[in-house]
Amino acid sequence: MATEPNTAALDQYARGWGRGDTSIIYPSLDTSFTFIMTGMEEPVKLDKFQQFFVQFRKDVEAGGGPGVESDVFMKFTNVIRRQVGATLVEAAKFEVPGFATGCYLAAACGGKVLWEEAAPDS
């Protein structure tokens with residue numbers, strides 16, 4: 001079935017964010033991967049994602065969220081997945097305890113995550 005590798009990629013991607021661990025996230029990412037969050041000037045591309053994530057973890061800790069060394073970083077609720085052609089799109093709510101809540105969209109195709117767009121709640 002065409003969706004199985006995409007489901008596995010999105011599952012692994014979410015597991016990595018949940019633990020705050022890029023070593024789990026990276027294998028699920030396509031070479032064209034981009035991440036953008038409301039308020040960012042431009043998307044973070046794959047080659048800059050590690051640098052972004054390290055700083056993001058520091059900012060979260062400084063803002064009252066989980067510490068940099070914590071392996072409980074993010075929780076997800078209300079996950080919806082929809083097949084659109086060869087792409088599996090996921091929408092969900094996220095929570096970084098003590099720091100932020102919001103929602104996101106992510107997409108996987110060919111067994112790799114192509115992009116994520118996140119929007120923290122105001």
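**Close-up views of a predicted model**

**View A. The lining of the largest cavity comprises five nonpolar, no polar and two charged residues by class.** Asp, Glu, Lys and Arg count as charged, Ala, Val, Leu, Ile, Met, Phe, Trp, Tyr, Cys and Pro as nonpolar, and the others, Gly among them, as polar. The model is predicted, so local features need pLDDT of at least 70 and side-chain atom pairs pLDDT 80 or more, whereas totals for chains, interfaces and linings use all residues. Residues are numbered from 1 along each chain as its sequence is written, and side-chain values use heavy atoms, without hydrogens and water. One cavity of 30 Å³ or more is counted (a set of points on a 1 Å grid over the protein atoms alone where a 1.4 Å probe fits but cannot get out). The largest cavity holds about 40 Å³ of space (the volume filled by probe spheres set on points joined across faces, edges and corners). Tyr 13, Ala 14, Trp 17, Phe 76, Glu 90, Tyr 104 and Glu 116 line this cavity (an atom within 4 Å of a point). Helix H1, residues 3–19, supplies the largest share of this lining, three residues. Helices (H or I, at least four residues) and strands (E, at least two) are DSSP runs, numbered from the N terminus.

**View B. Glu 90 lies in strand E4.** With a relative accessible area of 2%, Glu 90 is buried (under 20%; exposed is over 50%, partly exposed in between; 1.4 Å probe, protein chains only). The side chains of Glu 90 and Arg 81 are joined by a polar contact of 2.6 Å (N or O atoms within 3.5 Å, one able to donate a hydrogen and the other to accept it; residues adjacent in sequence count only if both atoms are side-chain atoms). Leaving aside residues up to four places away in sequence, Glu 90 touches Leu 10, Val 79, Ile 80, Arg 81, Tyr 104, Leu 105 and Ala 106 (heavy atoms within 4.5 Å). Glu 90 also belongs to the lining of the largest cavity, as does Tyr 104.

**View C. Strand E4 pairs in the antiparallel sense with E3 and with E5.** Strand E3 (residues 75–84) is joined to E4 (residues 87–96) over eight bridges (pairing needs at least two by DSSP). In this pair Arg 82 faces Val 89 of E4. Two residues separate the strands of the E3 and E4 hairpin, where Gly 85 has a positive phi near 65°. Between E4 and E5 (residues 100–109) there are nine bridges, and Ala 92 stands opposite Tyr 104 in E5. Their hairpin has three residues between the strands, and Gly 98 adopts a positive phi near 80°.

**View D. Six strands make up an open sheet in the order E2-E1-E6-E5-E4-E3, with mixed pairing.** E2 and E3 are the edge strands, each pairing on one side only. E1 pairs with E6 (residues 112–120) in the parallel sense over five bridges, with Ile 36 opposite Glu 117 in E6. The antiparallel pairing of E1 and E2 rests on two bridges, and here Phe 35 stands opposite Val 44 in E2.

**View E. Pro 43 is placed in the loop between strand E1 (29–37) and strand E2 (44–45).** The hairpin of these strands has six residues between them, and Gly 39 in the turn shows a positive phi of about 100°. Pro 43 is partly exposed because its relative accessible area is 39%. Residues up to four places away in sequence not being counted, Pro 43 touches Thr 34, Phe 35 and Ile 36. The C-alpha atoms of Pro 43 and Phe 33 are 9.5 Å apart, with the two residues ten apart along the chain.

Methods: On a 1 Å grid over the protein atoms alone, a cavity is a set of points where a 1.4 Å probe fits but cannot get out, and a pocket is an open set with protein on both sides within 12 Å along at least five of seven lines; lining residues have an atom within 4 Å of a point.
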